[in-house]
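Here are my notes on the side-chain pairs, in numbered points. Have the model open while you read.

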Amino acid sequence: TVVSGAGGATEPVFRITVNTGGMVRLRLLTISGGDEDGTGRGGGIYFRGNGVLEVRDSIITGNLAGNGGGIYAEGTGSDAELIVGSNVLISNNTARFNGGGIVADQLETSMLEPGSILLGNDAVGVGGSGGYGGGLYVRTADRVSVARLGSGLANTGVVRGNTATYGGGIA
């Protein structure tokens with residue numbers, strides 16, 4: 001199923017809030033055309049909460065945001081988690097500032113299963129601000145962020161061909 005934000009309001013394709021103990025699973029989707037404006041968060045997906053967001057067997061591509069072109073995941077408590085499961089392509093997303101593919105903000109992020117990749121994402125850095133983490137930007141503030149990455153695609157890896165001013169792959 002293709003879910004596109006093209007032609008609509010300048011907003012993420014999905015805004016997802018998950019409370020403590022909750023879980024949202026997205027599967028078999030192509031998420032594209034999100035265009036959150038200014039310094040906004042999450043072009044494809046803006047996830048916020050103290051629960052779990054799991055994405056599997058999906059494509060997140062061609063999205064734009066101030067931070068987190070593909071996904072902006074913001075933890076509000078110690079149980080917050082983003083799981084990028086098997087067969088997820090996060091590609092060709094752009095952040096004006098940080099995290100072209102994903103921003104992992106104060107939560108646990110795992111991308112351990114085979115067949116998933118951060119490919120060709122860009123963190124531009126506008127006006128000398130930002131430009132961190134073309135593929136993945138891990139942000140720690142009041143709570144710690146942890147990112148666990150696995151093997152990705154066979155003979156390719158999990159992070160490939162991303163660009164940024166600082167940390168083309170990961171910052």
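1. Let's start with R56 and E54: the two form a salt bridge, with the closest N and O atoms 3.4 Å apart. Both R56 and E54 are buried. Keep in mind that this is a predicted model.

2. The R56–E54 pair belongs to something wider: R25, E54, R56 and E113 are linked in a network of salt bridges. R56 itself sits in strand β6, residues 52-56. A polar contact of 2.7 Å also joins the side chains of R56 and E113.

3. What else does R56 touch, leaving aside its neighbours within four places in sequence? Its contacts include L26, R27 and L28, then G85, S86, N87 and V88, and again E113.

4. How many salt bridges does the count come to? The answer is 10, and two more of them deserve a look.

5. One is R15 with E36, where the closest N and O atoms are 3.0 Å apart. R15 is in strand β2 (residues 14-18) and E36 in the loop between β4 (30-32) and β5 (45-49), so this bridge ties together parts that are 21 residues apart in sequence. The two ends are not equally covered: R15 is partly exposed because its relative accessible area is 47%, whereas E36, at 6%, counts as buried.

6. The other is D57 with R27, with the closest N and O atoms 2.7 Å apart. This pair links distant parts of the chain, 30 residues apart: D57 is in the loop between β6 and β7 (58-61), and R27 is in strand β3 (residues 23-27). At 21% relative accessibility D57 counts as partly exposed, while R27, at 53%, counts as exposed. R27 is also one of the residues in contact with R56.

7. On to the rings. A search of the whole structure finds 3 aromatic pairs. Y46 and Y72 have ring centres 5.9 Å apart and planes at 65°, so theirs is an edge-to-face pair. Y46 lies in strand β5 and Y72 in strand β9 (residues 71-75), so the pair ties together parts 26 residues apart in sequence. Both Y46 and Y72 are buried.

8. Y132 and Y137 make a tilted pair, because their ring centres are 6.2 Å apart and their planes are at 35°. Y132 counts as partly exposed at 35% relative accessibility, but Y137 counts as buried at 19%. With Y166 added, ring pairs link Y132, Y137 and Y166 into a cluster.

Notes
Residues are numbered from 1 along each chain as its sequence is written. This is a predicted model: local features need pLDDT of at least 70, side-chain atom pairs count only at pLDDT 80 or more; totals for chains, interfaces and linings use all residues. Side-chain values use heavy atoms; hydrogens and water are left out. Helices (H or I, at least four residues) and strands (E, at least two) are DSSP runs, numbered from the N terminus. A polar contact is a pair of N or O atoms within 3.5 Å; within protein, one must be able to donate a hydrogen and the other to accept it, and residues adjacent in sequence count only if both atoms are side-chain atoms. Contact means heavy atoms within 4.5 Å. A salt bridge is a side-chain nitrogen of Lys or Arg within 4 Å of a carboxyl oxygen of Asp or Glu. Buried means under 20% relative accessible area, exposed over 50%, partly exposed in between (1.4 Å probe, protein chains only). Rings of Phe, Tyr and Trp (its six-membered ring) pair if their centres lie within 6.5 Å; planes under 30 degrees apart count as stacked, over 60 as edge-to-face and the rest as tilted.
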